[in-house]
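Let's take a walk through this protein together, one neighbourhood at a time. Have the structure open and turn it as you read.

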Amino acid sequence: MRKFVHDYKEWIWSVVIMTMGLITVYLIVKKQENNYYKERQSRLHYTHERALNQLSTSVENFATLVSGMQAYANLSRDFPTAQEMQRFVIGQLDQTHAGDSIIVSFIDSTHNFVYSFSREIMDPFNLTGRSVREFRDDAEIARLELVMKTDSVKLMYPLNLVEGWVGIPIDFRVHRNGQTLGYMAALINFKSIIQNIYDDEVTKEFVFHFSTDHGFDFDRESYHDGSKIYNNQVDKEYYKNFRVNSNDFVYSKIEFYGREFKIGTSYKNEIESYASSNLLYLFYLVVVLFLILMTWQITRFRIMASIIRRKNKLLTFHQQEISTKNDKLNQLNETKDRFFAIIGHDVRGPLNAIQGLLNVLKSEKLEDTSLNRLFYSLEQSVQNTVNLLNNLLKWATSQTGEIEFIPTQFSLNGLIKEIIDTLSEQASLKYITIKNESKSELSLFADGNMIETVIRNLVSNAIKFSNNGGEIVISAVCENDNAIISIHDNGVGMSEKQVNRLFEINRQLSTRGTSGEMGSGLGLILAKEFIAKHHGKIEVESELNMGTVFRLILPLNFQKVSV
């Protein structure tokens, strides 16, 4: 336990500090959020009460207007005509500032319109002589019958008027000289009653829900009771246009002249997280990240110091091992150099002597033709062995990096002619014709020895895998700042699988030529490495029994490519 505490003491202290900090930040945030929520609720209730007061004031102004109309209709010496009542209503509207969206109708006891007028027009909707029953159902007619039995002013349910607005009717009976003549209905635009609520700057972030005691909603443009709506306008402040829940509203019930209404107030937007809370959490997060970073750095430095000590010990040990291995490697290099020296001198020397002896014997006129054929066969075997040995030594030298790369400017066509002259005798043994179809003199900047080795190996392979009497065509052309050298034979060709494995040194196998010539494929590996040193490439096209084309693509200006 003591070791655990010692190894992780930085992290233990960091966890303790972070836990205490988190608890502190949480308590501060909760307190701020509670204060914010209380302040928000206080503003909601204040706005709700303000809206109720504004609505009550508007309705009372309207009721005052209607009360004046009732007194004028029932107490004047003569029952007022339509024109007299219109002038009276205009005078009342001008005094109370109740607005001008109003229609007043006098209806007799049989529910027929006697007259109707707006502020500006007499009988604007041709209601005179028509029956209220055209617009009201039986239940509403029954309520109107009750109106004619009392002197009380009655507030009726909202209506979707044909005129295209929501009307709130207040009705009273016309009773003169002990006789009920009918009733008057004053309809005022509901929008004019509540517009002052929406115009209040305090209410800009709030939404309101108006409904009757039957549960039907209404707004400044429509009454949503299922009846036909004649208005195409949409109240953009209607509460259903916002994402608010019924639980978010503060509701109150308010009664006006025999009708109860339900009024709700809510914020338009859901409660948002308190901005300072986010800043505190962000600050805490920054502190935590800084603390973790510092703790990690301290732990890392302590661990790195321990690792460095262990690595210093390992480094000392590895240095001793490397010194020992270097001594062994130097011994192996010396052995390798002696091995190549033996191959280059002690093996190649006797082979050259045998080759010279065979040339002397071949020039002698022997009566036994079978001996001549034997000499030619021996000479070919020795030549193949010498070529293999030369390729092996060059390849081994290239792998050790000891072969010199010396590019010079030389005639490519001249080099091809020299190679043809060198291999003409080998080709003549199989009656193979070698043609040089290079049309123009082409100068190439490259390592002449490497390019000579590559072309000679490819032409030698073409001879090896061509049938007696075959033909080999060598060409060199200039195309797009490249020299393209092609060696085309009509020999046995290769399958696609063989072509894909040509340059894989770990897959090279000895392959016999058409006359039994032996080979290792090492010349192709050497060719690929030499061409790569010139930033060139080798392309191969071949088909069984149809011959093979080797194409060397070398940049003419090797100096630019090298840079």
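In which sense do strand β4 and β5 pair, and over how many bridges? Strand β4, which covers residues 159-160, pairs with β5 in the antiparallel sense, and two bridges hold the pairing. Before going further, please keep in mind that this is a predicted model.

Stay with this pair for a moment. β4 and β5 form a hairpin that has five residues between the strands. In its turn sits Gly164, with a positive phi of about 95°. Across the pairing, Asn160 stands opposite Val166 in β5. Strands of a sheet pair through backbone hydrogen bonds, and the pairing can be parallel or antiparallel.

Now follow β5 itself. Strand β5 spans residues 166-176, and 10 of its 11 residues are buried, so the rest of the structure largely encloses it. β5 has further partners to look for. Strand β3 (residues 154-155) runs antiparallel to β5 and is joined to it by two bridges; there, Leu155 stands opposite Ile170. Strand β6 (residues 179-189) is also antiparallel to β5, with 10 bridges between them. Within that pairing, Val174 has Gly182 in β6 as its bridge partner. β5 and β6 make a hairpin with two residues between the strands, where Asn177 takes a positive phi near 55°.

β5 also leads us to an enclosed space. Rolling a probe the size of a water molecule over the atoms shows where empty space is left. A search of the whole structure finds one cavity of 30 Å³ or more, and the largest cavity holds about 110 Å³ of space. Among the residues lining this cavity are Leu155, Ile168 and Ile170, along with Phe62, Phe190 and Phe256. The elements that give two or more residues to this lining are α2 (9-75), β5, α5 (190-199) and β11 (259-267). Of these, α2 gives the most, with three residues.

Next, look for an open space. The second largest pocket has about 760 Å³ of space. It is lined by 33 residues, and the closest to its centre are Phe135, Arg136, Leu159, Asn160 and Leu161. You have already met Asn160, opposite Val166. The elements that give two or more residues to the lining of this pocket are β1 (102-108), α4 (138-147), β4 and β6.

Let's move along the chain to another sheet. Here five strands form an open sheet in the order β13-β15-β16-β18-β17, with mixed pairing. Its edge strands are β13 (433-436) and β17 (537-543), each of which pairs on one side only. On average, neighbouring strands of this sheet are turned by 15° against each other, direction ignored. β17 and strand β18 (residues 547-555) run antiparallel and are joined by seven bridges. One place to find this pairing is Lys537, whose bridge partner in β18 is Ile553. Helix α11 (residues 522-533) packs on the sheet and touches β17 and β18; its direction makes about 140° with that of β17.

Two loop residues are worth a visit here. Asp447 lies in the loop between β14 (443-446) and α9 (448-464). Is Asp447 buried or exposed? Asp447 has a relative accessible area of 3%, so it counts as buried, the cut-off being under 20%. Beyond its neighbours within four places in sequence, Asp447 is in contact with several residues, including Glu404, Phe405, Pro407 and His534. Asp447 and Ile531 are 84 residues apart in sequence, while their C-alpha atoms are 9.9 Å apart in space.

Tyr431, by contrast, is exposed, with a relative accessible area of 64%. You will find Tyr431 in the loop between α8 (412-428) and β13. Most residues other than glycine have a negative phi. Tyr431, however, has a positive phi, near 55°. Another residue with a positive phi is Asp123, with a value near 45°, in the loop between β2 (113-118) and α4.

Finally, step back and view the whole chain. The protein chain has 12 helices and 18 strands, and buried residues make up 40% of its 563 residues. Of the contacts with a separation of 6 or more, 66% are between residues 24 or more positions apart. The chain exposes about 32700 Å², with carbon and sulfur atoms supplying 55% of that area.

Definitions and conventions
Residues numbered from 1 in each chain as written. Predicted model: local features only at pLDDT ≥ 70, side-chain atom pairs only at ≥ 80, totals over all residues. Heavy atoms only, no water. Pairing = 2+ DSSP bridges. Helix = DSSP H or I, 4+ residues; strand = E, 2+ residues; numbered from the N terminus. Axes fitted to C-alpha atoms, helices over the stretch in contact; angles between N-to-C directions. Contact = heavy atoms within 4.5 Å. Buried < 20%, exposed > 50% of the residue type's maximum accessible area, 1.4 Å probe, protein only. Areas by Shrake-Rupley, 256 points an atom, 1.4 Å probe, with all protein chains shown as cover. 1 Å grid on protein atoms, 1.4 Å probe; cavity = no way out; pocket = protein on both sides within 12 Å on 5 of 7 lines; lining within 4 Å. Points joined across faces, edges and corners; volume = space filled by probe spheres on them.
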